[in-house]
Amino acid sequence: LIGILKSLTAIITKETLSIYWFVRGDRFLANRKFYFLNNQNQEPIEIKNIDKLSYAEKGYFVANKNNKFGFVDSNGKIIIPIEYDEVQPFDDFVDLTYQDVLFGVKKNEKWGFVDSKNKTVIPFMYSEVKGPFSYGIAPVYDGDKLGLINVKNTKITKFTGQNHSSSSNFGKRAMSLPDGYYNYLGELEKR
């Protein structure tokens, strides 16, 4: 902690401070520059060439530059290039398994999912993404019809109307769609 405080003091005193604030205790803005603080680093890490940085949950951040978006990890490394029209942040109300770390991104008016190496896993074919993957399931719109897909892009529910509700119980998201209630694994439950 003392090392981090000394580093912060050096940054603050080295630069004429016009704006300085902490966001969630892990990053801060000083003179329109973004810095990361994490448990591994004694020195704040400057994230260069971005206009805005916001928390995306699960240890990731959304970076914005010239109205394009990408993702940064908690070490300050840009892992998904800042080239997408929109991105879907993760959700702190749902659990992520190892297979769920897929980033919802939009380009050319369509949504898809890429992995941490920016390789397309789910093609850019959906009109909207309603949430991240959790337990291998994600809610997406195909046109104006909502349904659930798995990480292999298999539609596991009927794609029906737009009415839905979702809930989370200890990180397990369930969804009520027009054709029924689906548990966190995407299984239709009898009610």
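Two strands count as paired if DSSP finds at least two bridges between them. Keep that idea at hand, since much of this tour follows strands and their partners. The model you are looking at is predicted.

Let us start with the chain as a whole. It holds 1 helix and 19 strands. Of its 191 residues, 44% count as buried. The accessible surface of the chain is about 10600 Å², and carbon and sulfur atoms contribute 48% of that. Contacts across the sequence are worth a glance too: taking those with a separation of 6 or more, 33% join residues that lie 24 or more positions apart.

Now find residues 172-177, which make up strand β17. A good way in is to look at Ser176, whose bridge partner in β18 is Tyr181. Strand β18 covers residues 180-182, and 3 bridges join β17 to β18 in an antiparallel arrangement. The two strands form a hairpin, with 2 residues between them.

Strand β17 also pairs with β16, which spans residues 165-169; these two run antiparallel as well and are joined by 5 bridges. Here you can pick out Ser167, standing opposite Ala174 in β17. Again the strands form a hairpin with 2 residues between them, and in this turn Phe170 has a positive phi of about 55°.

What holds such neighbours side by side? Strands of a sheet pair through backbone hydrogen bonds, either parallel or antiparallel.

Next, step back along the chain to an open sheet of 3 strands, in the order β13-β14-β15, with antiparallel pairing. Its edge strands are β13, at residues 128-129, and β15, at residues 145-150; each of them pairs on one side only. Strand β14, residues 137-142, pairs with β15 in the antiparallel sense over 6 bridges. To see one of these residue pairs, look for Tyr141, which has Leu146 in β15 as its bridge partner.

Our last stop is Gln88, located in strand β9, which takes in residues 86-88. Is Gln88 buried or exposed? The cut-off for buried is a relative accessible area under 20%. Gln88 has a relative accessible area of 17%, so it counts as buried. And which residues does Gln88 touch, leaving aside those up to four places away in sequence? They are Phe71, Gly104, Trp111, Val129, Lys130, Gly131 and Pro132. One of these, Val129, brings us back to the open sheet, as β13 is made of residues 128-129.

Terms used: Residues are numbered from 1 along each chain as its sequence is written. This is a predicted model: local features need pLDDT of at least 70, side-chain atom pairs count only at pLDDT 80 or more; totals for chains, interfaces and linings use all residues. Side-chain values use heavy atoms; hydrogens and water are left out. Helices (H or I, at least four residues) and strands (E, at least two) are DSSP runs, numbered from the N terminus. Buried means under 20% relative accessible area, exposed over 50%, partly exposed in between (1.4 Å probe, protein chains only). Contact means heavy atoms within 4.5 Å. Accessible areas come from the Shrake-Rupley method with a 1.4 Å probe; for residues, only the protein chains shown count as cover.
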